[in-house]
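Thanks for coming, everyone; I would like to walk you through a structure that will be new to most of you. Please have a look at it first, and then we will take a few of its features in turn.

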Amino acid sequence: MKANVLVIDDDYHMRIALKESLTKTGYSVSLAEDGLKAINEISKRIFDIVITDVKMPHLNGIELLKHIRKENPLLPVILVTAYGTIQDAVSVIKEGAFDYIQKPFSADTLYNTIKRALGINNGKIICASKAMKDVLIKAEKVAKSDVTVLVCGDSGVGKELVSRYIHDNSDRSKNPFVPVNCASLPENLLESELFGYEKGSFTGASARKMGKFEIANGGTILLDEITEMDFRLQAKLLRVLQEKEIEVIGSKYPKKIDTKVIATTNRNILKMVEEGKFREDLYYRLNVFPIYIPPLRERKEDIPELVAYFLRKHSKGMDVGISDEAMNFLMENKWKGNARELENVIARACILSGYSVIKMTHLQEMQFDRDSSTGSIKEMEMKLILDALKVCNGNKTRAAAMLGKTTRTLRNKIKEYKDMGVLPNMEEQQWMS
Ligand SMILES: Nc1ncnc2c1ncn2[C@@H]1O[C@H](COP(=O)(O)OP(=O)(O)OP(=O)(O)O)[C@@H](O)[C@H]1O
Ligand SMILES: [Mg+2]
């Protein structure tokens with residue numbers, strides 16, 4: 001996906017030059033000629049980054065920066081300064097600018113600063129604990145090679161985040177990172193999603209469709225929830241990994257591709273191999289480089305930093321605090337839904353606290369919610385679905401039919417339980433993955 005960049009400069013030629021150069025590099029660029037016009041643009045659409053001149057009429061770059069820090073605290077701002085306009089660069093950084101560049105600057109300086117700035121927003125990974133640091137060290141190492149990676153861990157621990165991190169740290173980072181959830185599509189649709197099809201290869205194939213493997217060529221494909229792929233497709237995937245070529249549906253010739261594969265699972269994949277539910281040969285192919293992310297309760301040192309990070313993310317720029325008692329509670333909670341559950345709790349607590357100080361009462365309101373009638377209904381509903389899944393051997397389509405629901409509803413329900421942290425015990429969680 002193209003990142004949206006807003007460029008602000010009162011000099012017409014500068015604006016156009018920056019637009020041309022950034023558009024060529026693959027960004028989607030909008031322009032504004034002063035701070036006030038920029039604020040108007042920002043209110044209309046979502047930007048990933050702002051690059052602004054300092055000296056401008058109406059509202060200058062520093063004033064614009066202060067405004068953005070208040071309204072959009074996560075939006076990175078890069079200031080472009082003429083030599084000597086900023087006496088004290090450090091103070092600009094203190095005001096919350098991501099960085100500044102001095103005119104005249106080279107295209108490379110600009111691109112590198114932008115790339116670093118985008119990194120902040122997309123997938124900052126908190127890693128205070130030794131366990132998480134080890135995960136990132138492994139990820140950085142494997143990023144330098146092209147081997148297949150299997151990222152394992154419970155729901156919400158950050159598997160997708162770490163997968164992106166691998167891509168971002170590899171020399172493929174300029175090319176696409178393409179996630180595909182293997183659980184979200186039935187078998188034949190998943191196949192055409194992954195490998196694409198030729199025009200006319202079946203009724204309804206009115207145009208050629210490019211598969212995700214091809215879209216990710218030169219980059220990385222993320223096969224999320226790999227265990228949900230059925231046996232036949234598993235065999236096809238194995239061949240892709242071995243031959244480094246895909247068979248586009250309806251095409252006579254295989255097509256060479258150079259796509260790095262990262263797969264994720266929150267199930268005990270080895271156990272599934274032993275039970276004959278997942279191909280052993282594919283497992284060994286995928287498991288060349290396993291990365292296991294431990295559950296949050298086993299790396300509590302990450303909790304305070306995650307809390308601070310999620311507070312910044314959800315406080316709408318206000319200074320939301322948290323009482324010691326509430327913090328202790330967060331430290332001791334089980335976090336079955338891991339970082340995702342913690343993020344949801346913080347987001348809701350920000351609102352309940354009126355964006356001031358999160359206290360025990362705000363958390364208890366949620367605990368109470370979970371234990372009260374709605375909570376126990378959710379729990380009962382979850383158990384029903386779990387039983388159906390067990391009977392149907394994990395097949396979501398059949399389980400949904402048995403419960404008289406659509407597969408989509410079933411998946412949405414399961415996602416909802418994960419977000420709420422309403423989950424069965426570890427052993428049973430595999431059925432709901
Ligand atoms: N270490 C971390 N630092 C910052 N944010 C994190 C961290 N770990 C997880 N998150 C956040 O928690 C949420 C869940 O992470 P992610 O989607 O990567 O988990 P997952 O393991 O892929 O989950 P699932 O198994 O449900 O697919 C995301 O919003 C992610 O940004
Ligand atoms: Mg995921």
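Cys-152 is buried, since its relative accessible area is 16%, and I should say straight away that what we have here is a predicted model. Why does the sulfur of Cys-152 not form a bond with another cysteine? The closest cysteine sulfur, which belongs to Cys-182, lies 14 Å away, and that is too far for a bond, given that a disulfide requires two cysteine sulfur atoms within 2.5 Å. By that rule the count for the model comes to 0 disulfides. Cys-127 is likewise in no disulfide, the nearest cysteine sulfur being that of Cys-152, 19 Å away; Cys-127 is partly exposed, with a relative accessible area of 24%.

Let me turn now to the sheet. Five strands make up an open sheet, in the order 2-1-3-4-5, with parallel pairing. Strand 2 (28-32) and strand 5 (99-102) stand at the edges with a single partner strand each, so one side of each has no neighbour in the sheet. From one strand to the next, the twist averages 20°. Strand 5 is joined to strand 4 (residues 77-81) by 4 bridges, the two running parallel, and Ile-78 stands opposite Asp-99 in strand 5. Helix 3 (residues 61-71) packs on this sheet, where it touches strand 1 (4-8), strand 3 (49-53) and strand 4, and its direction makes about 175° with that of strand 4.

Finally, Arg-398 is found in helix 18 (residues 396-403) and is partly exposed, at a relative accessible area of 48%.

Notes
Residues numbered from 1 in each chain as written. Chains lettered and ligands numbered in written order. Predicted model: local features only at pLDDT ≥ 70, side-chain atom pairs only at ≥ 80, totals over all residues. Heavy atoms only, no water. Buried < 20%, exposed > 50% of the residue type's maximum accessible area, 1.4 Å probe, protein only. Pairing = 2+ DSSP bridges. Axes fitted to C-alpha atoms, helices over the stretch in contact; angles between N-to-C directions. Contact = heavy atoms within 4.5 Å.
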